[in-house]
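Thanks for coming, everyone. I'll walk you through one structure today, going from strands to cores to rings, so have a look at it while I talk.

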Amino acid sequence: MNRRPLSNPSPSRQSWIAVLEAPIRSYRESLPRSVPPSLKILFGIGLTLAFTIGMPNTGAASPPNVILLMTDDQGYGDMGCHGNPILKTPELDRLYADSIRFTNFHVSPFCTPTRAALMTGNHPAYTGAYRTSSGRTMMHPDEKTIANMFADAGYVTGMFGKWHLGDNAPHRPQDRGFQHVLWHKAGGVGQAPDYWGNDYFDDTYERASPEDRQGTPVAVEGYCTDVWFREAIQFIERNQERPFFLYLPTNAPHGPYHVAEKWAAPYQGNPEVANPNFYGMIANIDFNVGLLRERVDQLGLAKNTIFIFMTDNGTSAGAKFRGLDSTPIKGYNAGMRGKKSSVYDGGHRVPFFIHWPNGGLTGGKDIDTLAAHIDVLPTLADLCEVEISDQSPPDGVSLEPLLAQPIDGSPKAWPRKHHVVQYHGGPYGKALPAGPYAFSVVMTDRWRLVNSGEEFLYDINADPAQQHDVSEEHPEVVEQLRELYNPFWRRVSPRMTPVRIDLGNPAENLTRLSSQDWRMKSGNPPWNFGSIKRLPKVTGPWMVNVKQAGHYRVTLRQWPAEAKKPVIAERAKISIAGLERESKVSPGSLGVTFDVDLPAGPTELITYLYDRQGNAGGAYFTDVEWIGGEQ
């Protein structure tokens with residue numbers, strides 16, 4: 001990769017070794033003649049190692065650390081530094097003032113796809129993880145993540161917070177390159193796959209480490225955001241002498257909008273505030289950003305730490321809208337149209353701040369060149385000199401040339417001329433299976449070709465609020481942008497195939513499945529307890545891979561095992577690997593168990609729980625355990 005210095009470089013570790021070479025050689029030569037030459041060489045090696053190992057991780061002599069902070073559902077306008085007249089975010093404002101800011105930075109319109117792009121540098125649909133449920137939240141196993149890359153380069157990797165790229169092996173964060181993890185399952189705390197009873201306060205999350213790859217549920221004290229930042233600070237303290245890669249994806253301010261009253265109180269009763277708790281959650285994040293940055297500075301690590309702040313999509317509750325695509329009818333959205341899940345700019349244009357003093361990334365410069373989430377991986381690989389495999393170059397491009405460019409212009413050879421974002425399947429999954437063009441936007445620095453059921457063209461420079469369709473005035477632009485979409489579709493569509501959950505994987509032998517991962521042909525499966533408590537008469541397949549042939553125990557439930565609620569059904573049935581088994585449901589039973597012998601390989605698991613009228617819904621929670629060889 002071609003790299004350029006972002007500032008005057010400090011002496012590297014190799015330079016220090018060169019500086020030390022002469023005195024070490026002099027010391028070797030001063031040893032008595034009676035000392036054998038081989039021992040003199042060993043003395044020299046020992047001194048060199050002592051000096052180099054002892055070098056602290058505080059300057060450019062060491063690889064830079066990385067802190068990647070991403071909040072959930074916080075929009076571009078949900079902070080004071082972007083003009084919000086009500087919300088107070090002093091710590092984010094300070095980071096804004098210290099950082100290089102990308103003002104035309106785009107992600108996906110909702111949670112999972114952005115995370116997949118961030119982890120791989122690839123378009124979300126190419127990874128297989130392009131929706132937030134319905135069996136489409138997991139990445140293909142051949143995708144190498146940014147955590148894999150940094151771990152292979154000798155970094156310590158940690159993740160604390162929301163993953164939303166698969167709850168089971170081989171898709172959990174500890175399966176995808178993160179060594180130290182504390183995380184909640186599902187797309188939000190309290191959703192169906194998450195630990196039963198979690199409500200943002202004093203919850204139970206899963207911890208994994210190099211010594212415990214299975215993962216262990218642990219009860220923690222405190223508010224969720226406080227917990228994630230506390231864990232992040234402890235991770236940094238433990239690993240301050242080594243280069244670290246820290247991914248800190250908070251679940252806040254995602255709904256449900258729970259926060260301590262003291263944070264929401266300043267916004268209560270204000271008629272211009274759409275949701276005081278949402279603002280309170282951001283205020284709490286802001287406070288924690290200050291604590292984190294202060295501790296990094298106290299440890300002497302701030303100058304050589306790349307600190308990135310971004311969000312995963314447009315606002316969910318920072319303003320009130322008519323549908324997904326309107327301008328706000330109450331609240332502030334930085335002049336944009338659309339919110340989370342919209343293909344208008346308000347759904348996917350987000351903040352992106354990057355700060356690294358030793359790399360010269362300070363001082364409050366704006367870069368308005370089109371950039372995206374797929375660019376984060378190649379950018380960090382460039383800045384940290386971490387190798388990307390030539391076998392699988394990412395879809396994104398490194399932003400390093402833009403970061404190195406003087407403030408008065410962009411590189412003439414900048415490779416990106418356009419970018420495509422697509423909400424595959426559309427709102428509520430009504431357009432599944434996902435096809436071409438629908439719910440997409442083709443972007444350039446000037447134009448937006450939006451397809452949100454109908455096709456519209458906007459001149460974003462003249463009309464940033466996207467109020468005036470100019471497609472009739474510029475038919476040639478519409479045609480050009482349509483043509484730019486086609487290579488994107490050819491790239492991603494062959495990979496929009498099922499991604500499977502392992503059964504019988506030694507890294508997670510007891511596999512706990514939830515209906516959030518049923519792969520539905522259209523629409524969303526029951527993914528939260530609001531729908532599950534009604535016992536909807538619907539079922540769908542889990543796309544699974546039987547990792548090893550043998551005897552399996554399959555237990556069907558309508559609630560998580562921890563809830564200890566009885567199955568309300570007359571009869572149960574499972575279908576898997578060409579086998580069907582049925583059983584009566586005993587009154588008061590907490591689960592219905594089937595023992596089956598399964599061959600290794602890909603298959604589908606479908607469950608049925610019949611009521612007295614013969615109507616079937618699925619077992620929204622199903623445990624599968626490998627018992628041993630075939631019986």
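Before anything else, a bit of vocabulary: two strands pair if DSSP finds at least two bridges between them. Strands themselves are DSSP runs too (E, at least two residues), as are helices (H or I, at least four residues), and both are numbered from the N terminus.

Now the small print. This is a predicted model, so to speak of local features we need pLDDT of at least 70, side-chain atom pairs count only at pLDDT 80 or more, and totals for chains, interfaces and linings use all residues. Residues are numbered from 1 along each chain as its sequence is written, and side-chain values use heavy atoms, with hydrogens and water left out.

Okay, let's start with strand S4, residues 180-184. On one side of the pairing, strand S3 (residues 156-162) and S4 go together in the parallel sense over 5 bridges. Lys162 is the residue standing opposite His184 in S4. S4 also pairs with strand S5 (residues 204-209), antiparallel this time, through 3 bridges. There, Leu182 sits opposite Arg207 in S5.

So is S4 covered or not? For that I need "buried", which means under 20% relative accessible area; exposed is over 50%, and partly exposed is in between, with a 1.4 Å probe and protein chains only. By that cut-off, 5 of the 5 residues in S4 are buried. As a reminder, in a regular strand the side chains alternate between the two faces of the sheet. Here His180, Leu182 and His184 point one way from S4, Val181 and Trp183 point the other way, and all of them are buried.

Stepping back for a second: the protein chain has 14 helices and 27 strands. Of its 631 residues, 58% are buried. And a contact, meaning heavy atoms within 4.5 Å, often spans a long way: among contacts between residues at least 6 apart in sequence, 69% join residues at least 24 apart.

On to the cores. A nonpolar core is a set of buried Ala, Val, Leu, Ile, Met, Phe, Trp, Tyr and Cys residues joined through side-chain atoms within 4.5 Å. The largest one has 48 residues, and Phe102, Phe245, Tyr247 and Ile354 touch the most other members. Which helix gives the most to this core? That's H11, residues 376-384, with 6 residues. If you click on Phe102 and skip residues up to four places away in sequence, its contacts include Val350, Phe352, Ile354, Leu399 and Leu402. There is also a second, separate core of 41 residues, with Phe235, Ile236, Val289 and Leu301 among them.

Next, helix H3, residues 90-98. Leu92, Leu95 and Tyr96 are buried in H3. Looking down the axis, the buried residues of H3 fall within an arc of 105°, so they line one face of the helix; the arc is that of the directions from the helix axis to the C-beta atoms. What do they pack against? Strand S2 (100-106), helix H9 (276-298), strand S8 (305-311), strand S11 (349-355) and strand S12 (365-367).

Now rings. Rings of Phe, Tyr and Trp (its six-membered ring) pair if their centres lie within 6.5 Å; planes under 30 degrees apart count as stacked, over 60 as edge-to-face, and the rest as tilted. The structure holds 31 aromatic pairs. One of them is Trp163 with Phe178, edge-to-face, at 5.9 Å centre to centre and 80° between the planes. Both Trp163 and Phe178 are buried. Compare Tyr608 and Tyr610: their ring centres are 6.2 Å apart and the planes are at 15°, so that pair is stacked. Tyr608 and Tyr610 are buried as well. One aromatic cluster brings together Phe150, Tyr155, Trp163, Phe178, Phe245 and Tyr247.

Last stop, an open sheet of 4 strands with antiparallel pairing, in the order S19-S27-S21-S24. Strand S19 (510-514) and strand S24 (592-598) are at the edges with a single partner strand each, so one side of each has no neighbour in the sheet. Strand S21 (residues 550-557) and S24 run antiparallel and are joined by 7 bridges. Within S24, Phe594 is the bridge partner of Val554.

That's my tour; over to you.
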